[in-house]
Amino acid sequence: MAEPVLPYGRQTIEDDDIAAVVEALKSDFLTTGPRVEAFETAFAETVGARHAVACANGTAALHLAMLALDVQPGEVVIAPSITFLATANCARYVGAEVVFADVDPDNGLMTPETLADALTRVGHRKLRAVLPVHLRGDAVNLPKLAELASGAGAVLVEDAPHALGTTMTFGNVAERVGDARHSAMATFSFHPVKTIATGEGGMVTTNDPALAERLRVMRSHGMVRPEGADPWWYEMPEPGFNYRLPDILCALGLSQLKKLPRFAARRRALAKAYEAALAPLAPVVRIATRPAWSDPVLHLMCVLIDFEAAGMTRRAVVEALREKGVGTQVHYIPVHRQPYYAERYGTLDLPGAEGWYDRCLSLPLYPGMADGDVGRVVEALRAVLGA
Ligand SMILES: *Cc1c(COP(=O)(O)O)cnc(C)c1O
């Protein structure tokens with residue numbers, strides 16, 4: 001009989017999480033109730049931002065960020081090619097065009113160099129936003145990217161679903177991902193594989209009260225209630241969406257957020273165990289390189305495998321690992337290669353993205369892994385590669 005397969009990621013839901021949801025279900029509010037604001041307040045405090053706006057999912061968070069900035073059709077947004085589809089798609093939702101930035105082939109991150117190259121491809125169009133992704137959980141070089149973006153008349157919007165809990169040091173200043181010191185906004189997702197889970201769920205953080213207000217308005221149909229108006233009155237200056245996160249899920253989010261220190265410590269410990277166990281597999285297997293300023297809570301345990309040196313295709317490795325009970329995933333297929341974008345923008349030459357994609361494989365990483373699991377995964381990888 002085949003061994004049960006460890007997934008590359010999964011949620012950790014405990015009895016008190018379930019109790020919190022049950023309590024919400026028995027309360028007066030299923031959707032917009034007191035737990036929404038409580039979750040937002042706790043989240044803002046956790047990441048060190050002034051405002052946090054909860055929403056339906058991480059994709060809605062990105063869409064809301066574009067709406068809050070009032071990005072217009074024909075304007076430009078820069079996104080890295082190594083990311084989930086939604087980072088680029090949010091630009092298209094508002095009619096903006098995507099310029100894909102390349103990434104560092106050894107860690108998958110947008111760099112000042114790859115952003116500078118992308119800026120040369122904006123042309124005479126108006127650049128509004130640059131969307132760096134803290135891929136795997138390691139932070140990008142925010143101050144440098146912000147300087148370049150600002151020099152081009154744009155702001156940063158951090159797509160941060162991988163990096164809840166990650167800290168960084170720029171100069172001597174300790175910062176947290178999501179504190180939005182260098183960006184207009186940062187977006188998060190609470191999809192089950194992310195660091196905390198609400199099923200579907202997302203958040204946008206910002207220090208700008210005007211952006212926070214616009215995020216809230218566009219999250220709920222574009223409705224505003226002018227001060228002093230009749231109690232039933234609302235107005236819609238422009239159409240928004242129903243991107244609310246229900247009270248039931250905010251109850252789960254609040255409960256999960258309390259566990260972030262424990263989840264983060266467990267992820268850090270597992271990542272450390274991986275680093276030690278994988279070291280003997282070099283140079284065929286290497287770990288994604290760590291930027292000097294980043295102290296990550298990793299969402300993904302990405303390794304880079306020289307499949308040619310191993311004499312195996314990635315497919316064969318993935319299938320053999322699965323046989324041994326190890327689930328894996330590829331993060332990500334370069335987005336610029338997706339048929340939609342290839343048709344719209346033609347063939348792009350992004351060697352860093354290709355170099356990352358050719359070698360990357362995400363191994364299981366989540367707080368519920370047993371102590372022996374890391375050794376089991378690495379032993380399976382060693383056996384499969386014949387190393
Ligand atoms: C998960 C994720 C999203 C989308 O979040 P959903 O909640 O699934 O909509 C966007 N960007 C990145 C980098 C992600 O990892």
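Let me start with strand S13, residues 360–363, where Cys360 and Ser362 point one way while Leu361 and Leu363 point the other way, and where all of these residues are buried. I should say at once that this is a predicted model, and what follows should be heard with that in mind. Strand S13 pairs with strand S12, which covers residues 301–305, and the two run in the antiparallel sense over four bridges. Within that pairing, Leu363 in S13 is the bridge partner of Met301.

From the strand I would like to move to the salt bridges, of which the count comes to 26. One of them involves Arg359, whose partner is Asp106, with the closest N and O atoms 3.1 Å apart. Asp106 sits in the loop between strand S3 (97–101) and helix H5 (112–119), whereas Arg359 belongs to helix H13 (residues 351–359), so this salt bridge ties together parts of the chain that are 253 residues apart in sequence. As for its surroundings, Asp106 is partly exposed, at a relative accessible area of 26%.

Which side chain does Arg35 meet in a salt bridge? The partner is Asp247, and the N to O distance is 3.0 Å. This pair, too, links distant parts of the chain, since Arg35 is in helix H2 (residues 34–47) and Asp247 in helix H8 (residues 247–258), 212 residues apart. Are these two residues buried or exposed? Asp247 is buried, with a relative accessible area of 0%, and Arg35, at 15% relative accessibility, counts as buried because the cut-off for that term is under 20%.

A further salt bridge joins the side chains of Asp179 and Arg181, at 3.3 Å from N to O. Here Asp179 counts as buried, its relative accessibility being 5%.

There is also a network to point out on the structure, in which salt bridges link Glu14, Asp16, Asp17, Lys259 and Arg262.

Finally, a word about the nonpolar side of the picture. Ile13, Ile18 and Val22 make a nonpolar surface patch of about 220 Å². Of these residues, Val22 lies in helix H1, which spans residues 15–26, and Val22 is partly exposed, with a relative accessible area of 35%.

Technical notes:
Residues numbered from 1 in each chain as written. Predicted model: local features only at pLDDT ≥ 70, side-chain atom pairs only at ≥ 80, totals over all residues. Heavy atoms only, no water. Salt bridge = Lys/Arg side-chain N within 4 Å of Asp/Glu carboxyl O. Buried < 20%, exposed > 50% of the residue type's maximum accessible area, 1.4 Å probe, protein only. Patch = residues over 30% accessible without salt bridge, like charges linked within 9 Å, V, L, I, M, F, W, Y side chains within 5 Å. Areas by Shrake-Rupley, 256 points an atom, 1.4 Å probe, with all protein chains shown as cover. Pairing = 2+ DSSP bridges.
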